[in-house]
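Hi everyone, thanks for making time this morning. I have one structure to share, so let me put it up on the screen.

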Amino acid sequence: MVQDLIDELGRLPGIGPKSAQRIAFHLLQADPADVQRLTEVLTVVREKVRFCETCFNVAEAEQCRICLDPRREATQICVVEDPKDVIALERTREFRGRYHVLGGAISPIDGVGPDDLRITELMRRLADGAVEEIILATNPNLTGEATAAYLARLLSTMGLRVTRLASGLPVGGDLEYADEVTLGRAFEGRRLLDA
Amino acid sequence: MVGMSLYRDAAIVLRTHKLGEADRIVTLLGRSKGKVRAVAKGVRRTRSRFGARLEPGMVVDVQCYEGRSLDTVTQAESLAPYGDQIARDYAAWTAASAMLETADRLTEEREPITAQFTLLAGGLSALAAGQHDSSLLLDSYLVRAVSVAGWAPTFDACAGCGAPGPHRAFNLASGGAVCSSCRPPGSAAPRPETFTLLGALLVGDWSTASTSDDRTRQEASGLVSAYVQWHLERGVRSLRLVDRTADTAAVREGTR
């Protein structure tokens with residue numbers, strides 16, 4: 001039974017056999033109430049959490065809390081690859097609009113094309129004309145850039161403001177350590193400073 | 001690190017796979033080393049010093065140490081950031097993906113083939129420059145890549161008996177154009193213009209290739225895809241997703 005637990009834990013992402021063994025023995029020695037709480041949370045999450053019908057973020061009802069919140073701007077949609085990206089962007093507290101989760105990025109080499117992402121659903125959301133700006137926040141890697149290029153081309157005829165998250169230098173770093181691609185992007189996206 | 005073998009090579013990043021929390025396995029086509037797979041540690045973190053350089057389509061000067069199954073990247077300097085330029089144009093990106101996947105399939109690990117490296121670098125460079133239709137560039141790359149691999153097609157003389165062309169039939173298994181005597185059942189019958197275009201793509205005659213019409217390009221692309229996949233004995237996944245519609249007109253009008 002203990003080996004079964006180690007094997008199951010070892011199937012989780014980022015957990016190797018050693019870590020699985022350590023977690024398994026930790027659970028065996030932990031307070032039974034703590035373990036009970038963990039099992040209950042796992043069961044509830046698996047049963048109740050699903051994808052939002054509008055934006056495909058994780059949700060506990062038909063719609064996620066962001067789509068249900070009337071204070072969020074309905075005129076801006078931020079397009080991301082995964083629900084994890086929504087969490088990262090929400091941490092910034094900068095964005096007050098809504099999201100659309102594509103479910104990945106276009107990667108021909110992995111057999112993932114536009115039809116495999118939730119692009120049709122995005123276009124359906126834009127049909128009523130309420131949205132004024134689409135912010136493309138796909139990952140700043142090449143599949144993310146290509147996906148953004150595809151979406152920009154698709155959206156160009158709809159009269160929307162299409163923007164892309166800025167790429168550039170990380171805050172707190174030294175210029176000399178930046179690679180050419182990042183530095184080049186930082187130059188492209190430089191902004192005017194108000195005196 | 002004692003006894004570990006360090007090496008340095010110019011390489012093209014063919015593809016990447018996620019590994020663990022923040023690492024990647026990168027498949028590199030090295031000029032001297034041939035194809036190698038190496039672990040690039042921490043490159044998925046935004047503060048990574050060489051993450052941007054190890055993306056598909058980038059040409060890098062890379063330093064690795066050899067491992068038993070996987071090498072480890074210790075340094076990477078950019079030689080040509082083609083991938084970054086190509087990813088801004090969706091049609092070019094899909095064509096580049098098909099080039100990279102084909103190069104991956106045509107090469108074996110640790111078997112140096114400088115000609116494949118040079119050809120791929122040239123193809124990516126041309127895509128990044130955007131001087132020709134990306135679909136034509138891809139087809140030209142594909143026929144030349146299979147030729148370098150030893151499966152050169154013929155688009156003029158008969159692949160069976162060598163009789164001078166032009167001929168009316170095309171057969172994958174025979175190796176290209178076939179005369180009426182050598183023509184096996186089930187051979188395709190492309191239009192003469194398609195044979196002309198295919199010949200031009202094989203030798204890089206861009207003045208002829210760029211004057212071809214859409215129907216001819218479409219027929220040539222179909223034959224090239226079928227020829228490559230027949231020799232590779234497996235489908236090239238990226239070929240299904242190549243965007244062959246978007247930029248033909250734009251390139252012809254000089255707007256790209």
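I'll go through confidence, then the interface between the chains, then the domains, and finish with the salt bridges.

Please keep in mind as you look that this is a predicted model. For the complex, the predictor gives an ipTM of 0.85 and a pTM of 0.87. Chain B averages a pLDDT of 89, and 94% of the residues in chain B score at least 70. Where in chain B is confidence lowest, and where is it highest? The low end is helix α9 of chain B, residues 248-252, at a mean of 43. The high end is helix α3 of chain B, residues 114-129, at 96. If you look at residues 248-256 of chain B, the pLDDT is below 50 over that whole stretch. The model still gives this stretch 20 contacts beyond near neighbours in sequence. Where pLDDT is low, though, the predicted coordinates should not be read in detail.

Now to the place where the two chains meet. On one side we have 24 residues of chain A, and they are in contact with 29 residues of chain B. The area buried between chain A and chain B comes to about 2,300 Å², and carbon and sulfur atoms give 58% of that. Which residues of chain A lose the most area to chain B? They are A:P108, A:I109 and A:L142, and together these three account for 31% of what the chain A side buries.

There is a polar part to this interface as well. Between chain A and chain B, 10 residue pairs are in polar contact, with both residues at pLDDT 80 or more. The elements of chain A that give two or more residues to the side touching chain B are α7 (142-155) and α8 (180-188). Of the elements in chain A, α7(A) gives the most to that side, with 7 residues. By residue type, the side of chain A that touches chain B divides into 12 nonpolar, 5 polar and 7 charged.

What about charge pairs across the chains? The rule finds 5 salt bridges across the interface of chain A and chain B. For an example, find A:E180 and B:R53, whose side chains meet in a salt bridge at 2.7 Å, N to O.

Let's move on to the domains. In chain A, the assignment gives domain 1 (2-48) and domain 2 (69-192). The centres of domain 1 and domain 2 of chain A, taken over C-alpha atoms, are separated by 35 Å. Chain B is divided into domain 1 (6-80) and domain 2 (84-255). In chain B, the C-alpha centres of domain 1 and domain 2 lie 28 Å apart. Contact between these two domains of chain B takes 24 residues from domain 1 and 17 residues from domain 2.

How much area is buried between domain 1 and domain 2 of chain B? About 1,700 Å², of which carbon and sulfur atoms give 61%. Across this domain interface of chain B the rule finds 3 salt bridges. Also within chain B, B:R37 forms a salt bridge with B:E109, with the closest N and O atoms 3.6 Å apart. The strands β1 (6-19), β2 (23-30) and β3 (34-40) of chain B are the elements that give two or more residues to the side of domain 1 that touches domain 2. Among those strands, β1(B) gives the most to that side, with 6 residues. That same side of domain 1 of chain B divides into 10 nonpolar, 7 polar and 7 charged residues.

One last stop, then. A search of the whole structure finds 25 salt bridges over all chains. Take A:E145, which forms a salt bridge with A:R185, the closest N and O atoms being 3.3 Å apart. A:E145 lies in helix α7 of chain A and A:R185 in helix α8 of chain A, so this pair ties together parts that are 40 residues apart in sequence.

That's my tour, and I'm happy to rotate the view for anyone.

Terms used. Residues are numbered from 1 along each chain as its sequence is written. Chains are lettered from A and ligands numbered from 1 in the order in which they are written. Side-chain values use heavy atoms; hydrogens and water are left out. Contact means heavy atoms within 4.5 Å. Buried area is the accessible area (1.4 Å probe) that two parts lose on being put together, summed over both. A salt bridge is a side-chain nitrogen of Lys or Arg within 4 Å of a carboxyl oxygen of Asp or Glu. A polar contact is a pair of N or O atoms within 3.5 Å; within protein, one must be able to donate a hydrogen and the other to accept it, and residues adjacent in sequence count only if both atoms are side-chain atoms. Helices (H or I, at least four residues) and strands (E, at least two) are DSSP runs, numbered from the N terminus. Ala, Val, Leu, Ile, Met, Phe, Trp, Tyr, Cys and Pro count as nonpolar, Asp, Glu, Lys and Arg as charged, and the others, Gly among them, as polar. pLDDT is the predictor's confidence in each residue, from 0 to 100. Domain bounds come from an automatic or database domain assignment.
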